[in-house]
Amino acid sequence: MVSILHEPTAAVAGIPDGATVMIGGFGTAGQPVELIDALIASGATDLTVVNNNAGNGDVGLAALIRTGRVRKIVCSFPRQRDSWHFDQKYRAGEIELELVPQGNLAERIRAAGAGIGAFYTPTGYGTSLADGKETRVIDGRSYVLEYPLRADYALVKAYRADELGNLVYRKTARNFGPIMAAAATTTIVQVEEVVPVGELDPEIIVTPSIYVDRIVRVSAPVPVTEPVGAGR
Amino acid sequence: MTAVAPRGLSTDELAARVARDIPHGAYVNLGIGLPTRISNHLSPDSQIVLHTENGMLGMGPEAHGDEVDPDLINAGKVPVTELPGASYFHHADSFAMMRGGHLDVCVLGAYQVSARGDLANWHTGRPDDIPAVGGAMDLAIGAKQTYVMMNLLSRDGTPKLVPECTYPLTGVGCVSRVYTDLAVFLIEDEGVAVRELFDCGFDELMHLLEVPLLDRTRQGDR
């Protein structure tokens, strides 16, 4: 049963030190900035964060990293033109990095939500990112064994929710939201609008309510920095 | 160092050359950097559908002014537009359509390509360099055809088509064609074949590279 909360601080309540937290977004598109701000305010630290990137500019995930709350980040593309807070922490040896090819990251998250024990993927075979991993030749092609990536919490930004917790997203801001919602024990979602049950067309719901635990409405999310071309 | 007069294709000419080889109606991913320019040379009649790995098919040109929407960006995080018939999907679906062999062509930049089609384009391997891979490894091995678009020589004159990559690999044996400012190469089972030359003779090319080359420049089809 979903809880509909009125403040982001209430929505992130109870995230303990040491938790693994998936944070949606690709760069700034779909990044749940208000939930991250609330997580910073909560004081939770020693976190393992899963995101595609490692923060952009000075807000959201970048601020979480700057305040020293992130012990380890699992991502595909940390280094960007505007990832200066991560860069500084990484060079100072103050943050651990697990670098995962983007599609393997997505599939590991998906596998966790889908109850898959592990999977063979061709991505990364023969590269340094597959060093030490099990490999197997199947039908003449080489694959690497990858394991699911689970989280205690997922912080996701969607566009609209109904009061049951069904979600729809907007354009490329969808990115990791649906798979992270399924891969976390507790999924916390910020949306721009909450509508009565029955108002979302069942045919267009992207994340069904079964994956959603807490909803908070942030009607006018702070504009994140203007998107900049900064690599994948 | 002796200054060398510019020769071969300009970046835009090279982009146009690659664009000519992309089949009508193909589903295509253009990598960040140089390959993005290919989109400027795709005719609207070509019905080519562009994929961006952050979750969209039917990507339109870069957005400007009022068109800019923070929720609509490409894999390089540049604001873009959507074309009629566009679709959105989550990241696992986006990479499934790539890894599953549904994309016809992807075009990537490269630090190095080896004679058997190994690709190095994600990491210089320098100890002070923060590694970032993004979707490069998925793209390299995912599409039905992986083309590389690059200058044949690096800024210091070192060839980038090499017997073995010295930079960390992105994918093994994944590149089928290499489009460069001086020549188009086909990576075949028998070796590296030169399909086309630009302001450069075959013998001169053999001197530039340490890779054995097969001359296919006189064979009819392009």
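Q: Which residues does Met150(B) touch, not counting residues up to four places away in sequence?
A: In this predicted model, Met150(B) sits in the loop between β8 (145-149) and β9 (161-162) of chain B. It has 23 C-beta neighbours inside 10 Å, and because 20 or more are needed for a residue to be called buried, Met150(B) counts as buried. Not counting residues up to four places away in sequence, the residues that Met150(B) touches are Leu34(B), Gly109(B), Ala110(B), Lys160(B) and Thr180(B).

Q: How many Å apart in space are Met150(B) and Gly134(B), C-alpha to C-alpha?
A: Along the sequence, Met150(B) and Gly134(B) are 16 residues apart. In space, taken from C-alpha to C-alpha, the separation of Met150(B) and Gly134(B) is 19 Å.

Q: Is Gln47(B) buried or exposed?
A: Gln47(B) lies in the loop between β1 (27-30) and β2 (49-52) of chain B, and its phi is near 55°, a positive value in a residue other than glycine. Around Gln47(B) there are 12 other C-beta atoms within 10 Å. A residue with 12 or fewer such neighbours belongs to the exposed class, and therefore Gln47(B) is exposed.

Q: Is Lys77(B) buried or exposed?
A: Lys77(B) is not a glycine, although it has a positive phi of about 65°, and its place is in the loop between β3 (56-62) and β4 (80-88) of chain B. The count for Lys77(B) is 26 C-beta neighbours inside 10 Å. Since the buried class begins at 20, Lys77(B) counts as buried.

Q: Which elements of chain B do the buried residues of α1(B) pack against?
A: Helix α1 of chain B covers residues 11-20, and its buried residues include Leu14(B), Ala15(B), Arg17(B), Val18(B) and Ala19(B). The elements of chain B against which the buried residues of α1(B) pack are β5 (105-108), β8 and β10 (177-179).

Q: Which residues touch the most other members of the largest nonpolar core?
A: In soluble globular proteins, nonpolar side chains tend to be buried together. Here the largest nonpolar core has 130 residues. Val148(B), which belongs to this core, is in contact with Leu108(B), Ala110(B), Val113(B), Leu119(B), Val175(B), Val178(B) and Tyr179(B), leaving aside its neighbours within four places in sequence. The residues that touch the most other members are Ala154(A), Ala183(A) and Val148(B).

Q: Which helix gives the most to the side of chain B that touches chain A?
A: The contact takes 35 residues from chain B and 44 residues from chain A. On the chain B side, α2 (91-99) and α3 (136-142) each supply at least two residues. The helix that gives the most, with 5 residues, is α2(B).

Q: Why is α5(A) described as oblique to α2(B)?
A: Two packed helices are described by the angle between their axes and the distance between the axes. The axes of α5 (residues 102-114) of chain A and α2(B) come within 8 Å and cross at roughly 125°. Because this angle falls neither in the range from 65 to 115 degrees, counted as roughly perpendicular, nor over 145, counted as roughly antiparallel, α5(A) is oblique to α2(B).

Q: Which residues of α2(B) make the contact with α5(A)?
A: The crossing of α5(A) and α2(B) is left-handed. From α5(A), the contact is made by Gln102(A), Gly103(A), Ala106(A), Glu107(A) and Arg110(A). From α2(B), it is made by His91(B), Ala92(B), Phe95(B), Met98(B) and Arg99(B).

Technical notes
Residues are numbered from 1 along each chain as its sequence is written. Chains are lettered from A and ligands numbered from 1 in the order in which they are written. This is a predicted model: local features need pLDDT of at least 70, side-chain atom pairs count only at pLDDT 80 or more; totals for chains, interfaces and linings use all residues. Two residues are in contact if their C-beta atoms, placed from the backbone, lie within 7 Å. Helices (H or I, at least four residues) and strands (E, at least two) are DSSP runs, numbered from the N terminus. A nonpolar core is a set of buried Ala, Val, Leu, Ile, Met, Phe, Trp, Tyr and Cys residues joined through C-beta atoms within 7 Å. Axes are lines fitted to C-alpha atoms, for helices over the stretch in contact, and angles run from 0 to 180 degrees between N-to-C directions. Angles under 35 degrees count as roughly parallel, over 145 as roughly antiparallel, 65 to 115 as roughly perpendicular and the rest as oblique. A crossing is left-handed if the near helix is turned anticlockwise from the far one by less than a right angle, and right-handed if clockwise.
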